[in-house]
Amino acid sequence: MKQYGKVAVMMGGSSAEREISLMSGNGVLSALRSRGVDAHAFDPADKPLSALKDEGFERVFIILHGPFGEDGTLQGALETLGIPYTGCGVMASAICMDKWRTKLLWRGAGLPIPEFELLDENSDFAAVEARLGLPLFVKPATEGSSIGVTKVKQPGELQAAFEEARKYDPLVLAERFVGGGEYTCAVIDGQAYPTIKIEPATEYYDYQAKYFRDDTVYRCPSGLSEEVEQRARALCLQAFRVLGGQGWGRVDFLMDEDGGIYLLEVNTNPGMTSHSLVPMAARAQGISYEDLCLNVLDMVHVG
């Protein structure tokens with residue numbers, strides 16, 4: 001494994017998803033070390049990025065989630081330092097972190113998305129509820145892991161949901177509910193992996209359901225017909241490419257009761273915890289967690 005050199009597993013950070021990043025990062029660190037890689041934990045909340053050069057790191061496996069790790073800022077710094085890193089580049093990372101601009105690009109490319117509205121303090125909340133229908137979802141534009149997300153079920157609840165989401169981001173989205181099921185598709189090195197159907201025991205796939213509860217059901221194979229499965233994988237690949245995706249990522253999508261597919265968002269540094277979805281899809285392809293980590297590490301780049 002000497003070809004990898006000294007590898008920094010970038011984890012932790014300062015976003016609201018720090019806890020999950022540490023869980024993911026420790027999994028990746030153990031996996032790489034088990035295969036003989038000279039891998040070390042690196043938390044940018046504890047030391048400056050210049051330490052990467054000072055300490056002789058030759059590659060960075062980014063497993064930070066959220067702002068300052070998944071939004072292009074870290075990627076730009078690594079570009080400047082000339083240190084190869086995993087995942088999407090500066091532009092795709094910045095776009096995918098912003099759910100609003102992601103939706104604008106997808107809509108411009110003619111790809112299917114749920115109807116949505118951008119909210120602010122001057123929004124006519126009752127009118128938005130009427131236009132999008134209830135229930136609907138409210139979410140910060142640049143947070144992940146369902147942080148700050150509210151499912152609005154009753155008239156008059158939208159403004160409170162907006163105020164909660166605004167604690168995390170000034171850009172807040174209201175999104176039409178699509179009720180035929182939630183799915184995800186890992187995209188790795190230009191290949192779409194088997195889709196996964198997510199069936200939370202909670203009302204929706206929230207923070208606890210994603211990372212800590214053991215009653216969330218994940219179906220892989222997802223149960224889609226072969227025709228729909230191939231259509232979904234092709235759409236997710238297209239969605240990733242439209243945004244300039246590179247290396248690896250995960251595209252989340254919804255289905256309606258009539259089999260329509262609606263793109264939701266892209267995770268450019270997907271979770272790698274024991275509950276995470278990309279390792280699950282890789283297993284369905286016969287790829288172990290350890291080999292998945294090596295595959296991602298093989299795709300480092302600068303620029």
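## A walk through the model, starting at Asp-189

Select Asp-189 to begin: at 58% relative accessibility, this residue counts as exposed, since the bar for that is over 50%. You are looking at a predicted model, so keep that in mind at each stop. Asp-189 sits in the loop between β8 (182-188) and β9 (191-192). Check its backbone too: phi is positive, about 55°, although Asp-189 is not a glycine. That is worth a pause because most residues other than glycine have a negative phi.

Now jump to Phe-68, in the loop between β3 (59-62) and α3. Here again is a non-glycine residue with a positive phi, about 70°. Is Phe-68 buried or exposed? Its relative accessible area is 57%, so Phe-68 is exposed.

**Two cis bonds**

Stay with the backbone and pick Leu-134 and Pro-135. A cis peptide bond joins this pair, with omega at about 0°. You'll find Pro-135 in the loop between α6 (125-132) and β5 (136-140). Then move on to Cys-220 and Pro-221, where the peptide bond is also cis and omega is near 10°. Pro-221 belongs to the loop between β11 (217-219) and α9 (226-242). As for the general background, most peptide bonds are trans.

**The annotated pair**

Next, select Asp-252 and Glu-265. An unreviewed UniProt entry annotates these two as "binding site". Start with Asp-252, in strand β12 (residues 248-255). Its relative accessible area is 6%, so Asp-252 is buried. Show everything around it: beyond its sequence neighbours up to four places away, Asp-252 touches Tyr-183, Thr-184, Leu-263, Leu-264, Glu-265 and Asn-267. Which contact deserves a distance label? Try the side chains of Asp-252 and Thr-184, which are joined by a polar contact of 2.6 Å.

Slide over to Glu-265, in strand β13 (residues 261-267). Glu-265 is buried as well, with a relative accessible area of 15%; the cut-off for buried is under 20%. Setting aside residues within four places in sequence, Glu-265 is in contact with Lys-99, Trp-106, Arg-250, Val-251 and Asp-252. So the two annotated residues touch each other, as the contacts of Asp-252 include Glu-265.

**After β13**

Follow the chain on to Ser-276, in the loop between β13 and α10 (277-284). Ser-276 is buried, with a relative accessible area of 7%. What does its side chain reach? One partner is the backbone oxygen of Gly-271, at 3.3 Å. Another is the backbone nitrogen of Thr-273, which lies 2.7 Å from a polar atom of the Ser-276 side chain.

**Helices to finish**

Colour helix α4 (residues 90-97) and pick out its buried residues: Ala-92, Ser-93, Ile-95, Cys-96 and Met-97. Those residues pack against α3 (73-81), α5 (99-108) and β13, the strand that holds Glu-265.

For the last stop, show helix α1 (residues 18-34) together with helix α11 (residues 289-298). They pack at an angle of about 90°, and their axes are 9 Å apart. That makes α1 and α11 roughly perpendicular to each other. On the α1 side, select Ser-24, Gly-27, Val-28, Ala-31, Leu-32 and Ser-34; these meet Tyr-289, Glu-290, Cys-293, Leu-294 and Leu-297 of α11. Colour this contact by class and you should get seven nonpolar, three polar and one charged residues.

Conventions:
Residues numbered from 1 in each chain as written. Predicted model: local features only at pLDDT ≥ 70, side-chain atom pairs only at ≥ 80, totals over all residues. Heavy atoms only, no water. UniProt positions renumbered as here; feature names shortened; annotations may be inferred. Helix = DSSP H or I, 4+ residues; strand = E, 2+ residues; numbered from the N terminus. Buried < 20%, exposed > 50% of the residue type's maximum accessible area, 1.4 Å probe, protein only. Contact = heavy atoms within 4.5 Å. Polar contact = N/O pair within 3.5 Å; in protein donor to acceptor, adjacent residues only side chain to side chain. Axes fitted to C-alpha atoms, helices over the stretch in contact; angles between N-to-C directions. Parallel < 35°, antiparallel > 145°, perpendicular 65-115°, else oblique. Nonpolar A, V, L, I, M, F, W, Y, C, P; charged D, E, K, R; others polar.
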